Amino acid sequence: MAVNLVNVEQVSKVYGTRALLDGVSLGVSEGDRIGVVGRNGDGKTTLIRMLAKLEDADSGRVTHNGGLRLGVLTQHDSLDPKATVRQEVIGDLADHEWAGSAKIRDVLTGLFGGLALPGFEHGLDTVIAPLSGGERRRIALAKLLIAEPDLIVLDEPTNHLDVEGISWLAGHLRARRSALVCVTHDRWFLDQVCTRMWDVQRGAVHEYEGGYSDYVFARAERERIAATEESKRQNLMRKELAWLRRGAPARTSKPRYRIEAANELIADVPPPRDTSELMKFANARLGKTVFDLEDVTVQAGPKTLLTHLTWQLGPGDRIGLVGVNGAGKTSLLRALAEAARTQGEEQPAAGKVVVGKTVRLAYLSQEVSELNPNLRVLEAVQQVRDRVDLGKGREMTAGQLCEQFGFTKEKQWTPVGDLSGGERRRLQILRLLMDEPNVLFLDEPTNDLDIETLTQLEDLLDGWPGSMIVISHDRFFIERTTDRVMALLGDRALRMLPRGIDEYLERRRRIEEETTPSAAPAPARDRSAAPAAPAVSAQAARAAKKELQKVERQLDKLSTRETSLHKQIAEHATDFEKVAGLDAELRELVAERDELEMRWLELAEDA
């Protein structure tokens with residue numbers, strides 16, 4: 001039986017007049033991998049800080065199991081600025097000791113790209129003080145992972161990591177035995193790592209089994225059953241569920257009968273985008289030419305990033321752009337933006353960029369542009385325009401669009417200077433869309449945005465008719481909003497990837513293997529990694545498949561019986577004796593269903 005590591009009992013926390021958490025009771029056991037989601041400001045960080053005893057509750061109690069070894073990554077590190085990377089990460093270990101540890105080698109290679117820490121001027125002996133926030137965060141994460149905590153608590157661990165780093169971290173955490181509680185807005189990461197979800201909403205925490213995909217299904221189903229008044233949010237959840245089920249069914253670990261229930265829930269939901277309709281509208285707005293690049297060279301200062309680039313961004317193209325840091329993603333967008341700003345007069349170092357005459361570009365850079373801090377949110381949006389045409393007959397006022405981006409009527413009168421970083425980012429995107437562009441460049445648009453705002457942004461972009469290039473380390477956002485993925489692999493060329501980010505990661509792994517010296521010692525087997533599953537014979541696989549079908553039929557029957565019991569309990573609500581009998585039968589049925597689900601998961605692996 002799993003040991004309980006942390007207990008949270010009836011915990012409440014109030015800031016000003018707002019109750020962030022109200023009588024919350026939770027527990028974390030050995031082996032738990034919990035993802036924490038919710039809107040910015042709803043109390044996610046407060047919850048995990050109290051869980052780690054970094055912050056006191058106003059009422060209630062948080063208890064840790066005796067001798068609990070706790071590792072915490074907060075948004076602000078506690079590294080000694082005078083220390084070196086070696087002193088903070090490796091400590092007093094001699095070179096032969098840490099170099100002989102597969103775990104330490106894996107962490108250093110995964111987070112820094114190699115044991116010599118390429119990118120750090122003096123490698124392991126680099127002093128921490130002058131390093132950037134992103135570099136310090138990687139060091140703090142490496143220090144935590146090299147330790148052996150029983151429970152790891154992470155607040156936005158994917159910040160400042162590229163696609164490869166996030167993929168490595170997900171694999172590393174899956175292989176560890178440590179329990180995990182993680183706040184992140186990276187939905188792909190949540191799906192890969194977590195087996196339970198905590199959804200922080202209006203002072204309460206709702207618990208769900210499974211990763212992010214399972215959470216989307218369960219929450220959409222719960223909101224449908226509860227018939228809440230938040231119909232807009234329900235529709236967005238069902239729309240996202242439709243995309244998850246249709247586009248990537250392997251994301252969910254639920255048995256088939258639950259997948260069928262999810263399919264029923266989204267039966268009347270159309271695909272996220274009507275691609276042909278959008279393409280037709282984009283052609284009408286943009287004509288045939290958007291950006292044509294002929295034998296272009298892109299430079300950043302003296303460094304040449306891209307050479308002999310011939311490429312075309314056409315009307316309605318939705319491109320996800322990925323690549324190693326420093327390969328030229330942002331520089332390429334800047335070169336195109338400069339050509340658009342000067343109507344083709346400003347050209348790159350070599351080659352030619354032809355810009356369509358009707359191009360109206362909006363460029364969201366990584367830096368949050370400064371606005372007058374005394375302006376109200378609504379005033380800052382109305383500065384651009386009062387109404388926006390979203391295409392296909394859809395029109396919104398500045399106030400309506402503000403509400404769709406999470407700025408309630410009260411929040412719309414908040415001074416810009418009082419907004420958080422995430423709220424300013426939202427406002428920046430909002431102002432761009434209000435200007436009715438027909439070409440969008442989005443450079444890391446997901447920075448500081450919570451999952452609910454990301455869902456709303458994706459919904460808005462679904463109906464936006466124009467050309468778009470997205471640079472992001474959030475692979476869920478790229479897969480959700482774009483139709484094609486292109487990559488800069490560090491070889492000064494732009495390549496199309498038919499299989500998307502999975503193909504990018506495969507290519508990067510091959511490049512790493514080819515450039516790794518053959519004389520390098522093979523890493524020792526990491527004892528903390530999960531043992532490889534034994535091979536299953538063809539005969540055993542067939543038997544497992546046969547039993548799997550039998551279990552699925554039993555689950556279907558139990559699901560039908562469970563629905564019937566719920567109806568009977570509702571019909572006999574005033575007959576307490578009858579309800580007690582039905583409730584006892586329901587509990588037995590749920591226990592039987594849980595056992596069958598466990599058996600289904602075991603059989604699914606063999607089959």
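The legends below describe close-up views of a predicted model.

**View 1. The largest nonpolar core.** This core holds 72 residues. F291, L293, W311, L427, I469 and Y504 touch the most other members. Helix 15, residues 421-434, supplies the largest share of the core, with six residues. A second core, separate from this one, has 50 residues, including F120, I128, L131 and M197.

**View 2. The surroundings of F291.** Leaving aside residues up to four places away in sequence, F291 touches W311, Q312 and L313. Its other contacts counted in this way are L336, A340, V353, V354, V355, V359, V439 and F441. F291 is also one of the residues that touch the most other members of the largest nonpolar core.

**View 3. Packing of helix 4 against helix 6.** Helix 4 spans residues 102-112 and helix 6 spans residues 163-175. Their axes lie 8 Å apart, and the angle between the two helices is about 150 degrees. The two helices are therefore roughly antiparallel to each other. On the helix 4 side, the contact is made by D106, V107, G110 and L111. Helix 6 contributes G165, W168 and H172. By type, the residues of this contact divide into three nonpolar, three polar and one charged.

**View 4. The open sheet of six strands.** The strands of this sheet follow the order 5-6-7-3-8-9, and their pairing is mixed. Strand 5 (70-73) and strand 9 (204-209) are the edge strands, each pairing on one side only. From one strand to the next, the twist averages 15 degrees. Within the sheet, strand 3 (residues 33-38) and strand 7 (residues 179-183) run parallel and are joined by four bridges. I34 has V181 of strand 7 as its bridge partner.

**View 5. The open sheet of three strands.** Here the order is 11-10-13, with antiparallel pairing. The edges are formed by strand 11 (303-313) and strand 13 (350-355), each of which pairs on one side only. The twist averages 30 degrees from one strand to the next. Strand 10, residues 291-300, runs antiparallel to strand 13 and is joined to it by five bridges. E294 stands opposite K352, a residue of strand 13.

**View 6. Helix 12 on the sheet of three strands.** Helix 12 covers residues 329-341 and lies across strand 10, strand 11 and strand 13. Helix 12 runs at about 120 degrees to strand 10. The three strands crossed by this helix form the open sheet with the order 11-10-13.

Key. Residues are numbered from 1 along each chain as its sequence is written. This is a predicted model: local features need pLDDT of at least 70, side-chain atom pairs count only at pLDDT 80 or more; totals for chains, interfaces and linings use all residues. Side-chain values use heavy atoms; hydrogens and water are left out. A nonpolar core is a set of buried Ala, Val, Leu, Ile, Met, Phe, Trp, Tyr and Cys residues joined through side-chain atoms within 4.5 Å. Buried means under 20% relative accessible area, exposed over 50%, partly exposed in between (1.4 Å probe, protein chains only). Contact means heavy atoms within 4.5 Å. Axes are lines fitted to C-alpha atoms, for helices over the stretch in contact, and angles run from 0 to 180 degrees between N-to-C directions. Angles under 35 degrees count as roughly parallel, over 145 as roughly antiparallel, 65 to 115 as roughly perpendicular and the rest as oblique. Ala, Val, Leu, Ile, Met, Phe, Trp, Tyr, Cys and Pro count as nonpolar, Asp, Glu, Lys and Arg as charged, and the others, Gly among them, as polar. Two strands pair if DSSP finds at least two bridges between them.
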